[in-house]
Amino acid sequence: MTNWRTLAFILLLSNSFLSRARGHGAMGDTIARVYACYLENPENPRSEACKAAVALSGAQAFYDWNEVNIADAAGRHRELIPDGQLCSAGREKYKGLDLPRADWTATALTSSAEYLFLYRVTAPHVGFFEFYVTRDSYDPTEPLKWSDLEDTPFLNVTNPAIDSANYRIPGVTPAGKSGRHLIYVIWQRSDSPEAFYSCCDVHFGEGASRHSLA
Ligand SMILES: *[C@@H]1O[C@H](CO)[C@@H](O)[C@H](O)[C@H]1NC(C)=O
């Protein structure tokens, strides 16, 4: 083998190559748990929540941040994903994401405000994005159940505009919310039954700025 062939072979096997080649995306802003822990560095995460998640799931799940999916979902999310496992989409590999904790990195939001949501994408597909927010009674220290989400999405966008790395999804944040909540985003492809799931921890405050709260 010549040297460049050896190098190409190594690149082909490396985690970053594989996750780019197979993966598809996750919420970037408001940031998904899985992507936040990936950005912290799965080998040595900074936050207690990501440390606990990596301890349970292993680092590889976070290199594969863009694959929290179900290949044959076809809209049957509530049938296929059990209560308590919404953030992992019922997948053993991602079970660290289901840890009920109140200290996941949370994006600061204001209620009823215009917001540009960004979906980090590594392989674009046609489809729609449903955004659900938790009810006022949400308790982040309890396992997340389907009944914790409001019945109808506050935002549902089909084929949004895309730039080099993100779908750009303009919307309005949910009304009447305060404190810690969770935004659950389902990306259902329309060219295949595959769907992707993002758990985004958020914190609604008065005139909150757009930085992340630890
Ligand atoms: C979201 O929009 C898609 C595409 O129009 C539609 O099929 C889907 O039923 C909508 N979701 C909800 C919960 O209304």
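**View 1. An open sheet of four strands in the predicted model.** In this predicted model, four strands are arranged as an open sheet whose order is 1-4-8-7, and their pairing is antiparallel. Strand 1 (25–29) and strand 7 (161–162) stand at the edges, and because each has a single partner strand, one side of each is left without a neighbour in the sheet. Strands of a sheet pair through backbone hydrogen bonds, in either a parallel or an antiparallel manner.

**View 2. The pairing of strand 7 with strand 8.** At one edge of the sheet, strand 7 pairs with strand 8 (residues 166–172) in the antiparallel sense, over two bridges. Alanine 161 is found opposite arginine 168, which belongs to strand 8.

**View 3. The shell of residues around the ligand.** The ligand is surrounded by Phe128, Glu130, Tyr132, Pro153, Asn156 and Thr158, and the protein covers 45% of the 360 Å² of accessible area that the ligand has on its own. By class, the residues of this shell divide into three nonpolar, two polar and one charged. Strand 5 (127–133) and strand 6 (155–158) each supply at least two residues of the shell, and strand 5 gives the most, with three residues.

**View 4. Polar side chains beside the ligand.** An N or O atom in the side chain of glutamate 130 lies 2.6 Å from a nitrogen atom of the ligand, whereas an oxygen atom of the ligand is 2.4 Å from a polar side-chain atom of asparagine 156. Both glutamate 130 and asparagine 156 belong to the set of residues around the ligand.

Methods: Residues are numbered from 1 along each chain as its sequence is written. This is a predicted model: local features need pLDDT of at least 70, side-chain atom pairs count only at pLDDT 80 or more; totals for chains, interfaces and linings use all residues. Side-chain values use heavy atoms; hydrogens and water are left out. A residue is near a molecule or strand if one of its heavy atoms lies within 4 Å of it. A polar contact is a pair of N or O atoms within 3.5 Å; within protein, one must be able to donate a hydrogen and the other to accept it, and residues adjacent in sequence count only if both atoms are side-chain atoms. Accessible areas come from the Shrake-Rupley method with a 1.4 Å probe; for residues, only the protein chains shown count as cover. Ala, Val, Leu, Ile, Met, Phe, Trp, Tyr, Cys and Pro count as nonpolar, Asp, Glu, Lys and Arg as charged, and the others, Gly among them, as polar. Two strands pair if DSSP finds at least two bridges between them.
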